[in-house]
Amino acid sequence: MRYQHDFLVLGSGVAGLSFALQAAKHGSVAVLAKRGRSESNTAWAQGGIAAVLSPGDSIESHVKDTLVAGAGLCREEAVRVTVEEGPARVRELIEMGAEFTRDETPSGYHLTREGGHSQRRILHAADMTGREVERALLDAADRAGLQFFDEHAAIDLITSGKLGVAGYARGGGDGGDRALGCYALAKNGQVDVFLARVVVLATGTYSAPAGGLALAVLMLPIVVLTAEEAIKAVPRITRDAAYGMGCTRSQVAWKVLLPTALPGILTGVMLAVARAAGETAPLLFTALFSGFWPFDGGRPQVMQPTASLAVLIYNFSGMPFENQIELAWAASLVLVLIVLVFNILSRALGRSRI
Ligand SMILES: Cc1cc2nc3c(=O)[nH]c(=O)nc-3n(C[C@H](O)[C@H](O)[C@H](O)COP(=O)(O)OP(=O)(O)OC[C@H]3O[C@@H](n4cnc5c(N)ncnc54)[C@H](O)[C@@H]3O)c2cc1C
């Protein structure tokens with residue numbers, strides 16, 4: 001099928017729906033979601049939304065807290081826009097019908113204090129804030145007449161560059177490469193074509209470093225515990241002999257303890273890698289998935305959704321296509337072999353321990 005709209009929004013989370021509701025005032029809008037329209041990170045967000053809402057709080061204090069918590073990584077300009085516009089955006093959500101937890105304080109809402117915030121400024125709807133925000137946005141979207149296409153996974157953008165036609169720039173001129181729409185794989189296996197004057201990507205953000213960090217957190221306890229045990233296993237007499245020969249503490253640590261305990265430490269690392277290799281859940285929220293390694297101009301794009309065997313198995317095993325299910329089985333076999341190799345390696349390294 002081929003669809004034509006004024007605006008095409010990829011993603012039905014808070015970002016996509018917020019844009020789509022504004023765009024609906026200017027033309028027809030199609031919103032795509034790769035699964036159900038209410039299935040997004042937005043719906044899982046629990047804690048709440050930080051905004052200056054109580055009389056005792058101030059924009060400057062919120063900006064300062066954010067910059068301190070960001071430890072030099074935040075762009076102050078971006079922080080200011082977010083903090084200054086926060087209260088108005090929250091009021092919009094309330095006007096749309098979002099019900100946040102109330103109390104008797106001057107703001108009328110039960111504001112909590114979390115993380116690096118010096119004031120109570122976290123607005124929440126019990127512990128299901130995202131679900132309530134998503135519900136209110138979807139209700140507003142229905143009232144505004146947005147057209148939803150759920151179970152439609154965008155698989156490629158249609159661009160002027162790919163079609164070999166000139167780009168379009170507001171006010172004329174050559175706008176260079178420009179998005180004109182997308183191809184989307186529907187649940188029935190059909191690829192639909194969506195064309196629009198404006199294409200907005202609001203598909204959330206996922207990256208390889210985020211996935212790596214999530215797995216590192218899982219691996220850390222195993223590595224630390226095995227390293228501790230391996231170091232404890234080095235006989236006291238070995239250390240005493242080194243001290244007796246006049247070695248300093250750092251020489252004993254680096255030249256005696258560490259080399260002796262190294263096979264045990266490596267065993268722990270191998271076991272941790274083998275354990276993390278099969279992890280799917282943390283990657284779904286951090287690295288998401290890509291069917292290929294993301295490259296741009298030959299350079300790897302680590303800040304893009306990333307290929308991983310565990311998520312491939314999870315995604316493809318539920319697909320209606322025989323070849324993808326077979327791929328999932330093949331990937332499972334590869335994964336089991338990787339885990340087996342790491343286990344054999346860890347045993348081999350562990351055997352050479354004293
Ligand atoms: C467990 C959890 C708790 C959180 N708690 C908080 C919190 O307390 N406070 C807070 O501020 N933030 C929290 N967050 C973060 C917050 O949920 C996200 O930052 C926010 O929801 C991102 O919104 P979004 O619209 O950009 O993306 P999402 O809500 O992730 O929406 C992405 C949309 O894109 C669609 N999509 C993706 N790929 C495709 C494709 N190829 N084709 C078509 N559609 C596609 C999806 O179907 C979905 O509709 C939490 C997140 C999680 C997971």
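The following exchange goes through the sheet, two helix pairs and the ligand shell of a predicted model.

Colleague: From where are residues numbered, and which pLDDT do local features need?
Modeller: Residues are numbered from 1 along each chain as its sequence is written. Because this is a predicted model, totals for chains, interfaces and linings use all residues, side-chain atom pairs count only at pLDDT 80 or more, and local features need pLDDT of at least 70.

Colleague: What is the strand order of the open sheet, and which are its edge strands?
Modeller: Strands here are DSSP runs (E, at least two residues; helices are H or I, at least four residues), numbered from the N terminus, and two strands pair if DSSP finds at least two bridges between them. The open sheet has 6 strands with mixed pairing, in the order S5-S2-S1-S8-S7-S6. Pairing on one side only marks the edge strands, which are S5 (147-149) and S6.

Colleague: By how many degrees are neighbouring strands of this sheet turned against each other on average?
Modeller: Angles run from 0 to 180 degrees between N-to-C directions, and axes are lines fitted to C-alpha atoms, for helices over the stretch in contact. With direction ignored, the average turn between neighbouring strands of this sheet is 40 degrees.

Colleague: Which strand runs parallel to S8, and which runs antiparallel to S8?
Modeller: S8 (residues 191-201) is joined by 8 bridges to S1 (residues 2-10) in parallel, and Leu 10 stands opposite Leu 201. On the antiparallel side there are 5 bridges to S7 (residues 179-186), where Cys 182 has Phe 194 as its bridge partner. The parallel strand is therefore S1, and the antiparallel one is S7.

Colleague: Which residue takes a positive phi in the hairpin of S7 and S8?
Modeller: The hairpin has 4 residues between the strands. A positive phi near 90 degrees is taken there by Gly 189.

Colleague: What angle do H11 and H12 make, and are they roughly parallel or antiparallel?
Modeller: Angles under 35 degrees count as roughly parallel, over 145 as roughly antiparallel, 65 to 115 as roughly perpendicular and the rest as oblique. H11 (residues 309-317) and H12 (residues 322-351) pack with their axes 8 Å apart, at an angle of about 150 degrees. The two helices are therefore roughly antiparallel.

Colleague: How many nonpolar, polar and charged residues has the contact of H11 with H12?
Modeller: Residues are in contact if their C-beta atoms, placed from the backbone, lie within 7 Å, and this brings Leu 309, Ile 313 and Phe 316, among others in H11, to residues of H12 including Ile 325, Ala 328 and Leu 335. Ala, Val, Leu, Ile, Met, Phe, Trp, Tyr, Cys and Pro count as nonpolar, Asp, Glu, Lys and Arg as charged, and the others, Gly among them, as polar. By class, the contact has 11 nonpolar, 3 polar and no charged residues.

Colleague: How are H7 and H9 oriented, roughly parallel or antiparallel?
Modeller: The axes of H7 (residues 208-232) and H9 (residues 249-277) come within 8 Å and cross at roughly 150 degrees. That angle makes H7, relative to H9, roughly antiparallel.

Colleague: Which residues around the ligand come nearest?
Modeller: H1 (14-23), H2 (41-44) and S6 (152-159) each supply at least two residues of the shell around the ligand, which divides into 12 nonpolar, 13 polar and 2 charged residues. Of the 27 residues around the ligand, taken as those whose C-beta atom, placed from the backbone, lies within 6 Å of it, the nearest are Gly 11, Gly 13, Asn 41, Gly 47 and Gly 204.

Notes
Two residues are in contact if their C-beta atoms, placed from the backbone, lie within 7 Å.
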